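Please read the report below alongside the sequence and the 3D view. It moves from the chain as a whole to one helix and its charged pairs, and then to a few single residues.

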Amino acid sequence: MSNSITERETRAIAEEMGEAVHELWMAKRRKEKGWHAPEDCLSKRGPDRCQDCWRQDCDESERLKDSNGKCEKFGCTLCHTCMCPYKDLPDSEKELDRAYPLAFLEILKRHGFCLVSKAVLNVLVAFVPKD
């Protein structure tokens, strides 16, 4: 039995780190670009609005897209659907947020490092001779 963390524990750590990555991403976009969640948008036009641009009668051919694929002609270009709590993200977006933490943990492993729990560390330290 290995003293290092299991694959399941690695995934749990990456999930928690992914959530932190997402929070940092949101804070940076909010501060630097003024992005916000669609439900926080001040330019709402009612519940039947176009999902892409808040306009009820939006025609795809009328849309002028910005570099993020948002409708510039009728809608708020600062709305972003990922400006929400991590738990509310679709799995595809969560996977992006988990990718860097998983890569980081894999790099540590390749360089001979391993993560161990405090319980295992305490047992190992108990065997270290004291002067």
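What follows describes the overall make-up of the chain, then helix H2 and its surroundings.

## The chain as a whole

The coordinates discussed here are those of a predicted model, and every value given below should be read with that in mind. The secondary structure consists of three helices and zero strands, so that, read from the N terminus, the order of elements is α-α-α. The chain has 131 residues, of which 27% count as buried. Its accessible surface comes to about 9800 Å², and carbon and sulfur atoms supply 55% of that area. Among the contacts with a separation of 6 or more, 55% are accounted for by residues that stand 24 or more positions apart.

## Helix H2 and its packing

Helix H2 covers residues 91-110 and contains 20 residues. From its first C-alpha to its last it reaches 27 Å, which is close to the 28 Å expected at 1.5 Å a residue. The helix nevertheless carries a kink of about 35° at Arg-98, a position shortly before the proline Pro-101. Just after H2, Gly-112 takes a positive phi of about 90°.

Which residues of H2 are buried? They are Lys-94, Asp-97, Arg-98, Pro-101, Leu-102 and Leu-105, and the partner against which the buried residues of H2 pack is helix H1, residues 7-33. An α-helix has 3.6 residues a turn, so residues three or four places apart point the same way.

From the side of H1, one residue in touch with this set is Thr-10, which is placed in that helix and counts as buried at 15% relative accessibility. Leaving aside residues up to four places away in sequence, Thr-10 touches Ile-5, Leu-102 and Leu-105; both Leu-102 and Leu-105 are among the buried residues of H2.

Phe-104, also found in helix H2, is partly exposed, with a relative accessibility of 43%. Although Phe-104 and Ala-14 are 90 residues apart in sequence, their C-alpha atoms are 9.2 Å apart in space.

## Salt bridges

The structure holds three salt bridges, and they are listed here with the distance between the closest N and O atoms.

| Pair | N to O distance |
|---|---|
| Glu-15 and Arg-98 | 2.6 Å |
| Arg-98 and Glu-95 | 2.8 Å |
| Lys-87 and Asp-88 | 3.2 Å |

Why does the salt bridge between Glu-15 and Arg-98 tie together parts that are far along the sequence from each other? Glu-15 forms a salt bridge with Arg-98, and because Glu-15 lies in helix H1 while Arg-98 lies in helix H2, the pair ties together parts that are 83 residues apart in sequence. The two partners are covered to unlike degrees, since Glu-15 is partly exposed at a relative accessible area of 27%, whereas Arg-98 is buried at 12%.

Arg-98 also meets Glu-95 in a salt bridge, and here both residues belong to helix H2, where, being three residues apart, they are separated by about one helical turn. Glu-95 is partly exposed, with a relative accessible area of 37%. Glu-15, Glu-95 and Arg-98 are thus linked in a network of salt bridges, and Arg-98 is also the residue at which the kink of H2 lies.

The remaining pair is that of Lys-87 with Asp-88. Lys-87 counts as exposed, with a relative accessibility of 62%, while Asp-88 is partly exposed, with a relative accessible area of 46%.

## A nonpolar patch at the surface

Beyond the charged pairs, the surface bears a nonpolar patch of about 220 Å², made by Val-116, Leu-121 and Val-125. Val-116 is placed in the loop between helix H2 and helix H3, the latter covering residues 118-126. At 30% relative accessibility, Val-116 counts as partly exposed.

Methods:
Residues numbered from 1 in each chain as written. Predicted model: local features only at pLDDT ≥ 70, side-chain atom pairs only at ≥ 80, totals over all residues. Heavy atoms only, no water. Patch = residues over 30% accessible without salt bridge, like charges linked within 9 Å, V, L, I, M, F, W, Y side chains within 5 Å. Areas by Shrake-Rupley, 256 points an atom, 1.4 Å probe, with all protein chains shown as cover. Salt bridge = Lys/Arg side-chain N within 4 Å of Asp/Glu carboxyl O. Helix = DSSP H or I, 4+ residues; strand = E, 2+ residues; numbered from the N terminus. Buried < 20%, exposed > 50% of the residue type's maximum accessible area, 1.4 Å probe, protein only. Expected span 1.5 Å × (residues − 1). Bend = angle between axes of the 7 residues up to and from the residue. Contact = heavy atoms within 4.5 Å.
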